[in-house]
Amino acid sequence: MVVHAASAATAESTVLVSTEWVAQHLTDRSLRLVEVDVDTTAYSEGHVPNALGWAWDTQLCDTLRRDIIPKAKFERLLGESGIGNATTIILYGDNNNWFAAWALWQLKVYGHHDVRLMNGGRKKWIAEGRELTTEAPKVTAASYQAQEPDHSIRALLPEVMEASAKKSAHLIDVRSPQEYKGEILAPPGLPETCQRGGHIPGAASIPWSRACNDDGTFKSLEELKALYGVVGITGEKPVIAYCRIGERSSHTWFVLKHLLGYKNVKNYDGSWTEWGNLVAAPIEKP
């Protein structure tokens with residue numbers, strides 16, 4: 001079943017499905033399951049039957065410059081994945097859907113209409129003892145035509161600098177409290193880092209993980225509203241979320257944009273690895 005607001009806190013049920021719904025639609029030819037993990041070896045160790053695996057660090061980014069996947073490469077990836085413009089894409093992954101949310105954000109940047117997250121991701125699927133396979137599905141290539149990039153959901157450095165200086169948007173730092181305070185530069189074991197610790201002036205600390213239950217699913221609508229409402233985020237003022245490289249902030253962007261339905265929400269994917277390395281950029285440390 002598709003997850004509805006009353007059961008899983010969704011203001012827009014068209015972007016979230018349950019593990020049970022996925023289990024019932026494993027052979028549905030109108031949809032394509034795709035796993036996107038932080039640990040890019042996880043897919044080969046066992047994945048949801050009929051799911052493809054996308055590697056975030058090679059297939060979902062420009063490998064020659066720091067940027068999201070270029071339009072032509074995006075079209076080729078989706079076509080080779082058997083995805084047409086009318087295909088429903090169900091994304092899931094490890095770490096409560098960090099990079100699955102990042103992939104969803106990019107799909108929305110390029111205008112894909114029907115893309116959803118499996119609530120709870122890989123963690124919940126495995127915890128429920130559901131079937132895993134190491135066999136990759138057979139795919140018939142499709143034709144895909146992407147739209148021009150939608151910049152209304154992506155913040156670049158100049159806009160973030162203006163938002164910080166003029167307080168024209170809520171800035172949310174979704175990293176851990178230790179990263180926000182400048183005590184560490186990155187979570188243990190993750191290599192992408194920067195030279196300075198701290199946070200963007202004016203940013204509020206709301207770690208991404210506070211939007212999730214222990215089983216990886218999203219908290220209730222009321223809990224999510226309260227979580228962001230504490231710092232005055234109610235949907236009336238623009239919001240820019242950032243983390244370290246843009247994947248955890250994609251998760252928060254998804255919550256604000258698609259679960260709470262706030263209209264003007266952007267993901268700053270340059271995030272702290274850009275700001276923390278930028279010459280003369282101001283930082284704050286509590």
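The exercises below, each with a worked solution, concern a predicted model.

**Exercise 1. The largest pocket**

Task: Find the volume of the largest pocket, the residues closest to its centre and the make-up of its lining.

Solution:
- Step 1. Rolling a probe the size of a water molecule over the atoms shows where empty space is left.
- Step 2. The largest pocket holds about 420 Å³ of space.
- Step 3. Its lining is made of 20 residues, and those closest to the centre are R66, D67, I245, D269 and G270.
- Step 4. By class, the lining of the largest pocket contains 10 nonpolar, 8 charged and 2 polar residues.
- Step 5. Helices α5 (98-109) and α11 (271-275) each contribute at least two residues to this lining.

**Exercise 2. The nonpolar cores**

Task: Identify the residues that touch the most other members of the largest nonpolar core, and state which element gives the most to this core.

Solution:
- Step 1. The largest nonpolar core has 57 residues, of which W54, L91 and Y228 touch the most other members.
- Step 2. Elements that each supply at least two residues of this core include β2 (31-37), α4 (71-80), β4 (88-92), α9 (221-229) and α10 (247-259).
- Step 3. The most comes from α5, which gives 10 residues to this core.
- Step 4. Another core, of 15 residues, lies apart from the largest one; A155, C194, A203 and Y242 are among its members.
- Step 5. For Y228, with neighbours within four places in sequence left aside, the contacts are I172, I206, A211, I233, T252, V255, L256 and L260.

**Exercise 3. An aromatic pair**

Task: Classify the ring pair of F74 and Y144, and locate both residues in the chain.

Solution:
- Step 1. A pair of aromatic rings is described by the distance of the centres and the angle of the planes.
- Step 2. The model has 8 aromatic pairs.
- Step 3. For F74 and Y144 the ring centres are 5.7 Å apart and the planes stand at 80 degrees, so this pair is edge-to-face; the cut-off for that class is over 60 degrees.
- Step 4. F74 belongs to helix α4, whereas Y144 sits in the loop between α6 (121-127) and α7 (157-166), so the pair ties together parts 70 residues apart in sequence.
- Step 5. Both F74 and Y144 are buried.
- Step 6. Elsewhere, one aromatic cluster is formed by W56, F99 and W102.

**Exercise 4. Two positive phi angles**

Task: Decide whether N50 is buried or partly exposed, do likewise for N96, and give the phi of N50 and of N96.

Solution:
- Step 1. Most residues other than glycine have a negative phi.
- Step 2. The phi of N50 is positive, near 70 degrees, and that of N96 is positive at about 55 degrees.
- Step 3. N50 lies in the loop between α3 (42-45) and β3 (51-55), while N96 lies in the loop between β4 and α5.
- Step 4. Buried means under 20% relative accessible area. N50, with 31%, is partly exposed, but N96, with 12%, is buried.

**Exercise 5. The surroundings of M161**

Task: Place M161 in its element, classify its accessibility and list its contacts beyond four places in sequence.

Solution:
- Step 1. M161 is located in helix α7.
- Step 2. Its relative accessibility is 34%, so M161 counts as partly exposed.
- Step 3. Beyond its neighbours within four places in sequence, M161 contacts W275 and L278.
- Step 4. M161 and G270 are 109 residues apart along the chain, and their C-alpha atoms are separated by 12 Å.

Conventions: Residues are numbered from 1 along each chain as its sequence is written. This is a predicted model: local features need pLDDT of at least 70, side-chain atom pairs count only at pLDDT 80 or more; totals for chains, interfaces and linings use all residues. Side-chain values use heavy atoms; hydrogens and water are left out. On a 1 Å grid over the protein atoms alone, a cavity is a set of points where a 1.4 Å probe fits but cannot get out, and a pocket is an open set with protein on both sides within 12 Å along at least five of seven lines; lining residues have an atom within 4 Å of a point. Grid points are joined across faces, edges and corners, and a volume is the space filled by probe spheres set on the points. Helices (H or I, at least four residues) and strands (E, at least two) are DSSP runs, numbered from the N terminus. Ala, Val, Leu, Ile, Met, Phe, Trp, Tyr, Cys and Pro count as nonpolar, Asp, Glu, Lys and Arg as charged, and the others, Gly among them, as polar. A nonpolar core is a set of buried Ala, Val, Leu, Ile, Met, Phe, Trp, Tyr and Cys residues joined through side-chain atoms within 4.5 Å. Buried means under 20% relative accessible area, exposed over 50%, partly exposed in between (1.4 Å probe, protein chains only). Contact means heavy atoms within 4.5 Å. Rings of Phe, Tyr and Trp (its six-membered ring) pair if their centres lie within 6.5 Å; planes under 30 degrees apart count as stacked, over 60 as edge-to-face and the rest as tilted.
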